[in-house]
Amino acid sequence: MTSPTLSIVSELAEIVGPANVLTDLDVTAGYVTDWTGHWRGHTEAVVRPGSTAEVSAVLATCHRLGIRIVPQGGNTGLVGGSIPMEGEIVLSTQRLTRIERVDVVDRTLAAGAGVTVAQAQDAARQHGLDLGIDLASRDSATLGGIVSTNAGGIRMIKNGNTRKQLLGIEAVLSDGRVVTRWKELVKDNVGYDLPGLLAGAEGTLAVITRVLLRLIVPAPRTQVALVAVSTVGDALRLVDRLERAGLTLEAAELMTRTGVDLVRRHHDLRAPLAVDSPLLLLVEVSGQRDTQALLLDILEKAGEAVLDAAVEEGPAPKLWRYRESHTESISAESSTPPVKLDISTPLREIEQFLTTLTPGLTEKFPNVRAVCFGHIADGNLHVNLLDVQENERERVTDFVLRHVTRHDGSISAEHGVGRAKAPWLELGRSPQDIDLMKSIRAAIDPAGLLNPHILPSR
Ligand SMILES: Cc1cc2nc3c(=O)[nH]c(=O)nc-3n(C[C@H](O)[C@H](O)[C@H](O)COP(=O)(O)OP(=O)(O)OC[C@H]3O[C@@H](n4cnc5c(N)ncnc54)[C@H](O)[C@@H]3O)c2cc1C
């Protein structure tokens with residue numbers, strides 16, 4: 001394996017221009033450390049191509065020299081997948097930022113992989129449409145990133161995950177060949193679903209340069225309720241009642257009192273409700289009829305299952321703030337980079353999973369604090385572990401992921417595998433399944449140059 005040298009730096013500079021090959025350590029520092037601060041790598045260079053043709057030339061050059069690449073979008077991923085831990089070259093999509101077209105008839109958006117989720121949302125909203133995906137990292141997370149991680153987010157319950165939004169893709173293979181599937185068709189069954197395969201591939205199969213996403217028609221009005229509940233079961237039954245009454249669930253997020261107290265401390269916020277409940281459910285709903293009256297009626301009829309509630313017309317940023325500030329407040333609070341686990345279980349298991357998790361953790365790791373929150377209607381919880389010492393990260397992770405497996409769950413609901421979960425892949429996939437994934441990798445990137453150390457490495 002050739003190590004990156006001055007010659008690769010000058011070859012890359014010839015392709016993208018010297019200003020777009022970053023080598024200064026102060027400048028590259030932000031590209032080699034992840035959002036949580038746990039994953040810290042190193043690189044000879046960050047290369048920032050400005051077009052698919054430049055990405056292709058960069059990859060062909062690296063292929064010729066046997067140089068490994070880590071693709072990077074907004075670097076908000078939470079599993080260490082975008083960090084060059086072994087000194088790989090970082091290929092940043094930061095300059096692929098062209099919004100090419102919003103098609104209001106076919107309801108699609110065509111854009112460069114480096115466009116952020118917030119920029120794509122703004123473009124769609126100017127036409128009365130919206131992106132089907134939304135997440136708290138929207139200002140930095142890119143379209144290439146959400147496709148590569150198959151992100152879920154807060155609107156997944158209504159619109160599905162990113163793969164479901166993906167109609168077309170342009171991507172560059174590790175040898176520089178460009179693959180394009182680009183048709184504004186919702187029905188197109190000609191062979192394998194290549195865009196679907198690249199979605200969730202975490203940069204191991206190709207570098208995505210352009211995406212064609214379907215857009216949704218947003219609900220004209222929504223209502224948001226923050227509801228104090230005692231149990232996960234009460235929260236799920238309330239969600240069920242809302243849907244059965246004909247309301248459309250736009251979002252359903254569960255928080256614990258511990259998490260909300262932490263957010264309040266870090267943002268100097270008042271208690272959202274008069275009652276101090278162990279759990280808070282945030283729901284956003286829309287509907288044809290008088291949504292607010294119907295929502296209030298359901299909350300009232302829920303009896304003791306609803307301890308208290310606040311209802312506001314959407315988008316209700318003041319209510320959402322308690323939920324959206326969780327991730328950064330947790331990072332600010334923890335004395336060490338938090339261990340961030342993102343799991344899902346079948347809905348029937350999630351209450352038992354959550355109520356047994358904390359006592360089990362406390363018994364084995366008394367110094368560790370757990371803050372759980374997440375997209376409850378998808379059975380998805382973000383398990384955040386604070387104050388974990390470096391030498392116990394692996395054991396704590398192992399404890400939680402085995403607990404997930406006992407409840408028929410997934411060790412990665414939406415963040416992907418990256419480096420963080422790679423050692424536990426066999427908890428989520430059978431040996432045959434892992435072998436097949438390796439074969440697919442070997443067929444598409446035979447030299448093993450793209451993000452070689454994540455997912456099942458070869
Ligand atoms: C505050 C906060 C909230 C979050 N909320 C959610 C949430 O609700 N749901 C959710 O699913 N995630 C969430 N995340 C995680 C993260 O935002 C997503 O995983 C997002 O999709 C990553 O996008 P990115 O552009 O930052 O990708 P990066 O972090 O740069 O990369 C992520 C992975 O994709 C690969 N990659 C990136 N771009 C490309 C490309 N163009 N071609 C090929 N491979 C590429 C990288 O190599 C890496 O493996 C959150 C993160 C934060 C910090």
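Helix H5 contributes the most to the shell around the ligand, giving five residues. The model is a predicted one, in which local features need pLDDT of at least 70 and side-chain atom pairs count only at pLDDT 80 or more, while totals for chains, interfaces and linings use all residues. Residues are numbered from 1 along each chain as its sequence is written, and side-chain values use heavy atoms, with hydrogens and water left out. Helices (H or I, at least four residues) and strands (E, at least two) are DSSP runs, numbered from the N terminus.

The ligand is a good place to start. Around the ligand there are 37 residues, of which Pro 71, Thr 76, Gly 77, Ser 137 and Thr 142 come nearest; a residue counts as near if one of its heavy atoms lies within 4 Å. This shell divides into 13 nonpolar, 22 polar and two charged residues. In this grouping Ala, Val, Leu, Ile, Met, Phe, Trp, Tyr, Cys and Pro are nonpolar, Asp, Glu, Lys and Arg are charged, and the others, Gly among them, are polar.

Several polar contacts (pairs of N or O atoms within 3.5 Å) involve oxygen atoms of the ligand. A backbone N or O atom of Asn 75 lies 2.9 Å from one ligand oxygen atom, and a polar backbone atom of Glu 202 is 3.1 Å from an oxygen atom of the ligand. With His 375 the side chain takes part: one of its N or O atoms is 3.4 Å from a ligand oxygen atom. Taken alone the ligand exposes 970 Å², and the protein buries 97% of that; these accessible areas come from the Shrake-Rupley method with a 1.4 Å probe. The elements giving two or more residues to the shell are strand S3, helix H5 (143–149) and strand S10 (207–216).

Strand S3 also belongs to a sheet. This open sheet has four strands in the order S1-S2-S4-S3, with mixed pairing; two strands pair if DSSP finds at least two bridges between them. Strands S1 (21–22) and S3 (69–72) are the edge strands, each pairing on one side only. S3 runs parallel to strand S4 (residues 89–92), joined by four bridges, and Val 70 has Val 90 in S4 as its bridge partner. Helix H3 (residues 52–65) packs on the sheet, touching strand S2 (46–47), S3 and S4, and its direction makes about 165° with that of S4. Here contact means heavy atoms within 4.5 Å, and angles run from 0 to 180 degrees between N-to-C directions, with axes fitted to C-alpha atoms, for helices over the stretch in contact.

A second open sheet has seven strands in the order S14-S11-S13-S12-S16-S17-S15, and its pairing is antiparallel. Its edge strands are S14 (308–313) and S15 (339–344). Neighbouring strands are turned by 15° against each other on average, direction ignored. Helix H9 (residues 232–244) packs on this sheet, touching strands S11 (223–229), S12 (248–256) and S13 (279–286), and its direction makes about 10° with that of S13. Helix H10 (residues 257–267) lies across S12, S13, strand S16 (369–374) and S17, at about 85° to S12.

Within this sheet, Phe 373 of S16 is the bridge partner of Met 255, and Phe 373 is also partnered by His 382 in S17. S16 and S17 form a hairpin with five residues between them, where Gly 379 in the turn has a positive phi of about 70°.

Definitions and conventions: Polar contact = N/O pair within 3.5 Å; in protein donor to acceptor, adjacent residues only side chain to side chain.
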